[in-house]
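Trainee: Please give me a close look at one part of this protein. I would like to start from a loop and follow the chain into the strands after it, then see how the rest compares.

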Amino acid sequence: MDYKEIIDAGKTAIGIEFGSTRIKAVMVDLSGKPIAEGGHTWENQYVDGLWTYSLDMIWTGLQDAYQQLAKDVQEKYGAEIRTTSAIGFSAMMHGYMAFDKEDQLLVPFRTWRNTVTGEAAAELTKEFGFNIPQRWSIAHLHQAVLKNEPHVPEITFFTTLAGYIHWQLTGEKVLGVGDASGMFPIDSKTRNYNADYLAKYEALVADRGFAWKLSEILPKVLVAGEAAGTLTAEGAAKLDVSGKLAAGIPLCPPEGDAGTGMVATNSVAVRTGNVSAGTSIFAMIVMEQALRQVHEEIDVVTTPVGDDVAMVHCNNCTSDINAWAGIFRQFADAIGAPVDTDKLYTTLFTAALDGAPDCGGLAGFNYFSGEPVTGFTEGRPVFARRVDADFSFANFMRLHLYSAVSTLKVGMDILLNEEDVKVDQLYGHGGFFKTKEVGQRIMSAATGGPVTVMETAGEGGAWGMAILALYLAVAEKQTLSEYLNETIFAGEEGTTVTASKEEIDGFNQFMQTFKATLPIEKAAVETL
């Protein structure tokens with residue numbers, strides 16, 4: 001069969017992910033190969049002191065991304081999308097969308113980016129003995145409770161962005177366990193909300209007289225492969241404004257962007273992990289057992305099947321590298337030797353491999369914004385060096401690549417050394433790994449083990465969501481990990497790089513300088 005016949009027969013799946021700056025739609029065939037895509041660019045708005053996206057932006061963006069997908073299908077294959085085997089939606093995790101009994105949004109959508117829930121997060125972390133970061137949905141709800149916001153007594157349901165989209169298209173108030181784990185802590189044994197913490201929360205707010213109980217207003221938790229409803233006629237019309245898409249298409253559980261990243265990098269099995277490195281950087285390790293202690297530097301979420309995942313999330317990664325690349329581009333232009341972007345970055349990154357393993361006496365911080373892992377609410381990019389430092393181009397670039405991952409290293413050391421978390425396979429994806437070998441070698445030096453980049457690493461979360469949609473059909477026969485290994489990633493080994501002992505020792509020496517010079521960053525924030 002050619003692709004037109006495959007599309008006409010509905011032997012495809014569609015994944016749509018709402019990222020912070022782009023909504024992306026991907027169609028795959030039944031083997032998981034991407035065959036068409038569409039997208040829509042958007043930006044959050046800062047309204048009344050909070051970061052948000054309006055409902056109009058959400059629906060306009062979704063419809064445009066879908067229309068762009070349909071246009072791509074038409075142009076490539078001369079086909080129209082009338083049906084598909086399954087659809088899945090994913091989005092930025094956490095945040096807060098609360099609704100009343102008339103299903104009306106009570107306050108504008110509060111995204112994960114808002115850091116206004118410090119009081120609530122601290123109280124809940126203490127109450128549960130479990131780290132509740134500020135961006136989690138329960139922190140947003142509890143902050144509204146503490147502030148006596150008038151909408152709180154009216155709540156009958158609250159959810160994430162992916163959960164909202166899914167509900168509007170199917171009528172089902174459900175959430176994939178990975179996304180749910182960013183709303184409220186999950187018990188990995190029951191694959192559901194932690195019953196002890198639910199009871200503690202309900203006792204905590206019992207004297208406020210709310211008509212609701214937390215367990216009643218949270219979405220129902222589903223694991224990957226479970227039926228999550230079908231596209232209603234109203235939902236089909238809302239998604240496809242052309243009216244061509246049929247109702248009745250199965251939907252898989254909606255997921256968060258962390259879960260789709262795990263799927264897209266084949267890191268859902270215990271003792272695997274992935275590092276996503278671009279504008280921000282985060283690592284996720286699937287754990288064999290729960291952490292022994294509470295660490296504010298570590299979030300605990302789950303895979304799409306409910307296994308515990310330790311996440312180290314840092315706000316800063318490649319922005320400072322990009323800024324320096326801009327300086328070098330300006331210099332090249334000034335001397336009449338303009339350089340294209342790929343060559344510029346490849347040259348900068350490759351030069352770093354010739355630098356000294358400890359950066360030769362150079363130091364720096366890549367903090368464009370605050371960095372909670374090291375205790376900073378604001379950031380200032382800083383470059384510093386000893387008078388006797390080996391101030392070479394290679395060392396300069398190695399310093400900036402080290403700086404991009406140094407804060408992640410702080411959190412990873414807690415996991416690997418203090419908590420003795422085991423990692424057999426670590427996968428890298430994102431712009432930091434684009435130049436062959438370089439980002440992998442630096443990350444391997446930071447983590448002390450091998451780092452693998454798969455050929456599919458650039459496909460992203462929408463593709464991962466499409467794979468979860470495909471998984472609906474085979475979930476009774478295979479675990480998600482088996483399905484990924486035996487079908488989606490079969491025969492794909494990727495490229496693995498392992499740093500030398502000298503490089504690992506050098507990075508550790510650099511980290512001693514990094515920690516010792518944190519007061520420089522503090523002074524820069526206070527005075528610059």
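Mentor: Start with the labels: helices and strands are DSSP runs, numbered from the N terminus, with at least four residues for a helix and at least two for a strand. Keep in mind that this is a predicted model.

Now go to R271. This residue sits in the loop between α10 (257-264) and β14 (272-277). Look at its backbone. The phi of R271 is near 70°, a positive value, and the residue is not glycine. Most residues other than glycine have a negative phi. Next, ask how covered R271 is. Its relative accessibility is 26%, so it counts as partly exposed, since that class lies between 20% and 50%.

Follow the chain into β14. β14 and β15 form a hairpin, with three residues between them. The two strands run antiparallel and are joined by five bridges. To find one pair, take A277: its bridge partner in β15 is I281.

Stay on β15, residues 281-286. Is this strand mostly covered or open? Mostly covered: six of its six residues are buried. Now sort the side chains. In a regular strand, side chains alternate between the two faces of the sheet. In β15, I281, A283 and I285 point one way. F282, M284 and V286 point the other way. Both sets are buried.

β15 has another partner. It pairs with β17 (residues 308-314) in the antiparallel sense, over six bridges. Find A283 and look across: V312 in β17 stands opposite.

A pocket comes next. The second largest pocket holds about 460 Å³ of space. Its lining has 24 residues, and those closest to its centre are F130, A290, L291, V300 and D308. Strands take part too: β10 (186-187) and β16 (299-302) each supply at least two lining residues. By class, the lining has 10 nonpolar, seven polar and seven charged residues.

Now turn to a sheet. Five strands form an open sheet, with mixed pairing, in the order β3-β2-β1-β6-β13. The edges are β3 (34-41) and β13 (255-256), and each of these pairs on one side only. β13 is joined to β6 (residues 86-91) by two bridges, and those strands run parallel. One bridge pair is S90 with E255 in β13. A helix crosses this sheet: α15 (residues 461-471) lies across β1, β2, β3, β6 and β13. It runs at about 135° to β1.

E255 also turns up in a cavity lining. The structure holds one cavity of 30 Å³ or more, and the largest cavity has a volume of about 30 Å³. Its lining is made of A224, G225, C252, P253, E255 and L468. Four of these residues are nonpolar, one is polar and one is charged.

Finally, set E437 beside R271. E437 sits in the loop between β20 (425-429) and α14 (438-447). Its phi is near 75°, again a positive value in a residue other than glycine. E437 counts as partly exposed because its relative accessibility is 30%, between the 20% and 50% cut-offs.

Definitions and conventions: Residues numbered from 1 in each chain as written. Predicted model: local features only at pLDDT ≥ 70, side-chain atom pairs only at ≥ 80, totals over all residues. Heavy atoms only, no water. Pairing = 2+ DSSP bridges. Contact = heavy atoms within 4.5 Å. Axes fitted to C-alpha atoms, helices over the stretch in contact; angles between N-to-C directions. Buried < 20%, exposed > 50% of the residue type's maximum accessible area, 1.4 Å probe, protein only. 1 Å grid on protein atoms, 1.4 Å probe; cavity = no way out; pocket = protein on both sides within 12 Å on 5 of 7 lines; lining within 4 Å. Points joined across faces, edges and corners; volume = space filled by probe spheres on them. Nonpolar A, V, L, I, M, F, W, Y, C, P; charged D, E, K, R; others polar.
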